[in-house]
Amino acid sequence: MSYLGITALNLKWALKGPATRGYPLAPRRVIADSRGALAFAKANCIYCSVCRKKCPTGAIGVNRNQKKWAIDRLRCISCGYCVEVCPKDCLSLTTYMSPPTVTKDREVF
Ligand code: SF4
Ligand code: SF4
């Protein structure tokens, strides 16, 4: 590419601004039917552990005795397997992403 071409390209991108977004300060545009964070409806859950067994990344934890359901948001890849297999329709994929985190704590319900 010629010197002139490179200069024109630099000017174009300098005026247009960055192609990336300053997430989370600049919210992401929500795209219909996209797969985002997993939502859990505790009221319907029977703690059968089917979702935990089917999850390919080991993101879900279930404790039947304590009636606790937990998810490691950093492991979840939003594949939707757990949503498909839950017999009580407790799980659903939203179109928003989980807030950024710096810890590996599980979210417990
Ligand atoms: S499959 Fe559904 S009902 Fe069973 S533990 Fe998971 S969320 Fe609860
Ligand atoms: S959406 Fe996929 S990766 Fe996330 S918890 Fe469910 S089965 Fe696991």
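**Notes on the two ligand sites, the pocket and a few backbone details**

1. Starting with ligand 1: the residues around it are Phe 40, Cys 45, Ile 46, Tyr 47, Cys 48, Ser 49, Cys 51, Trp 69, Cys 86, Pro 87, Cys 90 and Leu 91. Keep in mind that this is a predicted model. By class, the shell of ligand 1 comes out as 11 nonpolar residues and one polar, with no charged residues.

2. Where does ligand 1 sit? The space it takes is the second largest cavity, which has a volume of about 70 Å³. That cavity has 13 lining residues, and those nearest its centre are Cys 45, Cys 48, Cys 51, Cys 86 and Cys 90. The lining of the second largest cavity splits into 11 nonpolar, one polar and one charged, while the shell around ligand 1 has no charged residues.

3. Now ligand 2. Its surroundings are made up of Leu 38, Cys 55, Pro 56, Thr 57, Ile 60, Cys 76, Ile 77, Ser 78, Cys 79, Gly 80, Tyr 81 and Cys 82. Sorted by class, that shell holds nine nonpolar and three polar residues, and again no charged residues.

4. Ligand 2 takes up the space of the largest cavity, with a volume of about 90 Å³. Lining the largest cavity are 15 residues, and Cys 55, Cys 76, Ile 77, Cys 79 and Cys 82 are the closest to its centre. By class the lining has 11 nonpolar, three polar and one charged. How many cavities of 30 Å³ or more does a search of the whole structure find? The answer is two, and the ligands account for them: ligand 2 in the largest, ligand 1 in the second largest.

5. There is an open site to look at as well. The largest pocket has a volume of about 340 Å³, and of its 21 lining residues, Arg 73, Leu 74, Ser 98, Pro 99 and Glu 107 are the closest to its centre. Strand S1 (residues 38-40) gives the most to this lining, with three residues. Both ends of that strand turn up in the ligand shells too: Leu 38 is around ligand 2, and Phe 40 is around ligand 1. The pocket lining is a mix of 12 nonpolar, five polar and four charged residues.

6. On to the backbone, and back to the ligand 1 shell, where Ser 49 is one of the residues. Ser 49 is not a glycine, yet its phi is positive, about 75°. It sits in the loop between S1 and helix H2 (50-54). Is Ser 49 buried or exposed? Its relative accessibility is 11%, so it counts as buried.

7. Asp 89 also has a positive phi without being a glycine, near 55° in this case. Its place is the loop between helix H3 (81-85) and strand S4 (91-93). Unlike buried Ser 49, Asp 89 is exposed, with a relative accessible area of 62%.

8. Last, the N-terminal helix. H1 (residues 3-16) runs for 14 residues and spans 20 Å from its first C-alpha to its last, close to the 20 Å expected at 1.5 Å a residue. What is the count of buried residues in H1? It is zero, leaving the helix hardly covered. Just past H1 comes Gly 17, with a positive phi of about 90°.

Methods. Residues are numbered from 1 along each chain as its sequence is written. Chains are lettered from A and ligands numbered from 1 in the order in which they are written. This is a predicted model: local features need pLDDT of at least 70, side-chain atom pairs count only at pLDDT 80 or more; totals for chains, interfaces and linings use all residues. Side-chain values use heavy atoms; hydrogens and water are left out. A residue is near a molecule or strand if one of its heavy atoms lies within 4 Å of it. On a 1 Å grid over the protein atoms alone, a cavity is a set of points where a 1.4 Å probe fits but cannot get out, and a pocket is an open set with protein on both sides within 12 Å along at least five of seven lines; lining residues have an atom within 4 Å of a point. A molecule sits in a cavity or pocket if more than half of its atoms lie within 2 Å of its grid points. Ala, Val, Leu, Ile, Met, Phe, Trp, Tyr, Cys and Pro count as nonpolar, Asp, Glu, Lys and Arg as charged, and the others, Gly among them, as polar. Helices (H or I, at least four residues) and strands (E, at least two) are DSSP runs, numbered from the N terminus. The expected span of a helix is 1.5 Å times one less than its number of residues. Buried means under 20% relative accessible area, exposed over 50%, partly exposed in between (1.4 Å probe, protein chains only). Grid points are joined across faces, edges and corners, and a volume is the space filled by probe spheres set on the points.
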